[in-house]
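Visitor: Pick one part of this model and take me in for a close look, please. I'd like the overall picture first, and then the residue-level detail.

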Amino acid sequence: MMTKKILMVLTSHDELGNTGQKTGFWVEEFAAPYYAFIEAGIEVTLATPRGGQAPIDPTSTLEDFQTVATTRYDNDDLAQAKIATTVPLSCVNESDFDGVFYPGGHGPLWDLTENRESISLIESFLSAGKAVAAVCHASAALLNVKIPSGEFAIKGKTVTGFANTEEAAVQLTEVVPFLLEDELIKRGGEYQKADDWHAFAIQDGLIITGQNPASSVLAAEKLLTQLST
């Protein structure tokens, strides 16, 4: 039986607007799905828009946000080496993978929302009947994806992502380039959410989305289930 392959696409963006603070990907949103995939026997490739080191949001390394998965990552030299040597998006092809997963963190709002290579990649996955999963702010990578008819891919689809109330809770409403919940709705998405910080992930057809860091494993499990069908 052929080994299944998943592409994980992370952000290359490390500046939190004009605050002078750093951002990037949220460790839990990478680590929990990554280990779920590895333990399922999946071969995982990591990519970013620029290639090389994917920036970690320093806030996500604080003690309050540590989980079993993040602790495992902190002690995993191989995973850390993969994060340091991601493949440029320009070098990956949908045909080499069975599915794709986008971890969040605030970075994707800036560099994955309008990235043509990422948009084309997602469009290729969907056209090939392959699932696309995104968690938290990484749902922004779906905003400008279209289907062959020219409609937005999420139009009429049930989707989720970091909620406006969650953005307010972390006091970044005025810092982010847009509010993800609002934009998903503007594209015709049927936005749903659970209570703030509760795990919630939903699948509609080939599109799988998770609301927040706590939802990363749920989103990963839905992708694994899709790959097994």
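**A close look at strand β5 and what surrounds it**

Guide: The protein exposes about 9900 Å², and carbon and sulfur atoms supply 50% of that area. Keep in mind as we go that this is a predicted model. Of its 229 residues, 52% count as buried. The C-alpha trace spans about 45 × 40 × 30 Å along the principal axes. For a chain of 229 residues, a compact globule would have a radius of gyration near 17 Å, and the 16 Å found here agrees with that. The contacts are a good thing to look at too: taking those with a separation of 6 or more, 76% come from residues 24 or more positions apart.

Now for the secondary structure, which comes to eight helices and nine strands. Seven of the strands make up an open sheet with mixed pairing, and reading across you get β3-β2-β1-β4-β5-β9-β8. At the edges stand β3 (87–88) and β8 (201–204); each has a single partner strand, so one side of each is left without a neighbour in the sheet.

The part I'd zoom in on is β5, which sits between β4 and β9 in that order. On one flank, β5 (residues 132–135) runs parallel to β9 (residues 207–210), and four bridges join the two. On the other flank, β4 (residues 99–102) also pairs with β5 in the parallel sense, this time over three bridges. V132 is a handy place to see both pairings. Over in β9, V132 stands opposite I207, while in β4 the bridge partner of V132 is V100. Go along to V135 and you'll find G210 of β9 standing opposite.

What about the faces of the strand? Both are covered: V132 and A134 point to one side, A133 and V135 to the other, and all four are buried.

Follow the chain past β5 and you reach A138, in the loop between β5 and β6 (158–159). A138 has a relative accessible area of 0%, so this loop residue is buried. Leaving aside neighbours within four places in sequence, A138 is in contact with Y102, P103, G104 and P108. One of these, Y102, falls in strand β4 (residues 99–102). There's also a spatial link back towards β9: A138 and G210 are 72 residues apart in sequence, yet their C-alpha atoms are 9.0 Å apart.

Beyond β9 comes Q211, in the loop between β9 and α8 (216–227). Q211 counts as buried because its relative accessibility is 0%, and the cut-off for buried is under 20%. Its contact list, again without neighbours within four places, goes like this: C136, T160, G161, F162, A163, E166, K193, A194, D195, D196 and F200.

While you have the viewer open, swing round to the aromatics, of which a search of the whole structure finds seven pairs. In one of them, the ring centres of F25 and F30 lie 5.9 Å apart with the planes at 70°, so the pair is edge-to-face. Both F25 and F30 are buried. F30 also pairs edge-to-face with Y73, at 5.9 Å centre to centre and 85° between the planes. That second pair links distant parts of the chain, with F30 in helix α1 (residues 27–39) and Y73 in helix α2 (residues 68–74), 43 residues apart. F30 has 0% relative accessibility and so counts as buried; Y73, at 5%, counts as buried as well. Put together, F25, F30, Y34, Y35 and Y73 form one aromatic cluster.

One last stop is F152, which has charged company. K146 lies over the face of the F152 ring, 5.2 Å from the centre. The charged end of R187 sits over that ring as well, and its distance from the centre is also given as 5.2 Å.

Conventions
Residues are numbered from 1 along each chain as its sequence is written. This is a predicted model: local features need pLDDT of at least 70, side-chain atom pairs count only at pLDDT 80 or more; totals for chains, interfaces and linings use all residues. Side-chain values use heavy atoms; hydrogens and water are left out. Rings of Phe, Tyr and Trp (its six-membered ring) pair if their centres lie within 6.5 Å; planes under 30 degrees apart count as stacked, over 60 as edge-to-face and the rest as tilted. Buried means under 20% relative accessible area, exposed over 50%, partly exposed in between (1.4 Å probe, protein chains only). A charge sits over a ring if NZ of Lys or CZ of Arg is within 6 Å of the ring centre and within 35 degrees of the ring normal. The radius of gyration is taken over C-alpha atoms; the globule rule is 2.2 Å times the number of residues to the power 0.38. Contact means heavy atoms within 4.5 Å. Accessible areas come from the Shrake-Rupley method with a 1.4 Å probe; for residues, only the protein chains shown count as cover. Two strands pair if DSSP finds at least two bridges between them.
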